[in-house]
Amino acid sequence: MGIKNFSKFLYDYSMSNDCLILNGNGKPLSYFPLSAVDWKTAVKLVFTRNVIIIKEHDTWEVRSPSQSFKVPSIVMLRKYYKFSKKVKFSRSNVFLRDMFTCQYCKNVFEKKDLTIDHIIPKSKGGETNWLNVTTCCKSCNLSKADKIIDPSPEVKTPSLRDLIKGQESLGAKKIETDWQEYIVA
Ligand SMILES: [Zn+2]
């Protein structure tokens, strides 16, 4: 499988947490989202000899007519692929950058109560990118409407390190215990 396909399934298809994929250097291929795939993809990667198995799930076996095997919990690519360290722009990553805090009223909310606010409204030509969006609660979003208000602190393009820090201090995401040592940046 080529590098393009890897990024594609990481970002578009794979939101499953069955098996962690590590790059050839033993670090996750991606942190946001964490490079984890469903068990079928993991098994396919093993059979196509793209990865070696680092750990298996102790009690999870699957059977085909001719054999049975344990589902991998962590696999590592045989080769090291160089990926961009740039953080993907997404709603979730904007919330993470802003620590799930409405940048206008400064209260912390759950994801479902937050929205993305365009600092320069779309109706006034504002673009959808790191520097023109901010995390906003629904009531601030309503009262702000089409006004232009600068959020504080100023918005920025986060680095991978910023998001890892945010993730750590939120401590919210449940990670498989087996995976912990591989994920620490
Ligand atoms: Zn608010």
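Which residue stands opposite I74 in β4? The residue opposite I74 is K55. That pair is a way into this structure, which is a predicted model.

Confidence in the model varies along the protein chain. The chain has an average pLDDT of 82, and 82% of the residues score at least 70. The lowest confidence falls in helix α1, residues 3-13, with a mean of 50. Strand β6, residues 133-137, has the highest, at 95.

Strand β4 is a useful place to start. Its partner β3, residues 51-63, runs antiparallel to it, and eight bridges join the two. A hairpin of four residues links β3 to β4. The pair K55 and I74 was named at the outset. Strand β4 also pairs with β1, here in the parallel sense and over three bridges. On this side, L22 has M76 of β4 as its bridge partner.

How much of β4 is buried? Of its 10 residues, seven are buried, so the strand is largely enclosed by the rest of the structure. S73, a residue of β4, shows how burial is judged. A residue counts as buried when 20 or more other C-beta atoms lie within 10 Å of its own. S73 has 21 such atoms within 10 Å, and is therefore buried. S73 can also be placed relative to D38: the two are 35 residues apart in sequence, and their C-alpha atoms are 9.9 Å apart in space.

The largest nonpolar core of the model holds 16 residues. Those with the most contacts inside this core are C19, L20, I21, L22, A36, A42 and V75. At least two core residues come from each of β1 (19-22), β2 (36-37), α2 (39-47) and β4 (68-77). The largest share is that of β4, with five residues.

I21 gives a closer look at the contacts made by one core residue. Which residues does I21 touch, once its neighbours within four places in sequence are left aside? I21 is then in contact with L29, S35, A36, V37, V75 and L77. Among these, A36 and V75 are also listed with I21 as residues with the most contacts inside the core.

There is also a second core, separate from the one just described. This second core has 11 residues, including C102, Y104, V133 and C140.

To retrace the path: β4 pairs with β1 in the parallel sense, is joined to β3 in the antiparallel sense, and supplies five residues to the largest nonpolar core.

Conventions. Residues numbered from 1 in each chain as written. Predicted model: local features only at pLDDT ≥ 70, side-chain atom pairs only at ≥ 80, totals over all residues. pLDDT = per-residue confidence, 0-100. Core = buried A, V, L, I, M, F, W, Y, C linked by C-beta atoms within 7 Å. Buried ≥ 20, exposed ≤ 12 C-beta atoms within 10 Å, placed from the backbone. Contact = placed C-beta atoms within 7 Å. Pairing = 2+ DSSP bridges.
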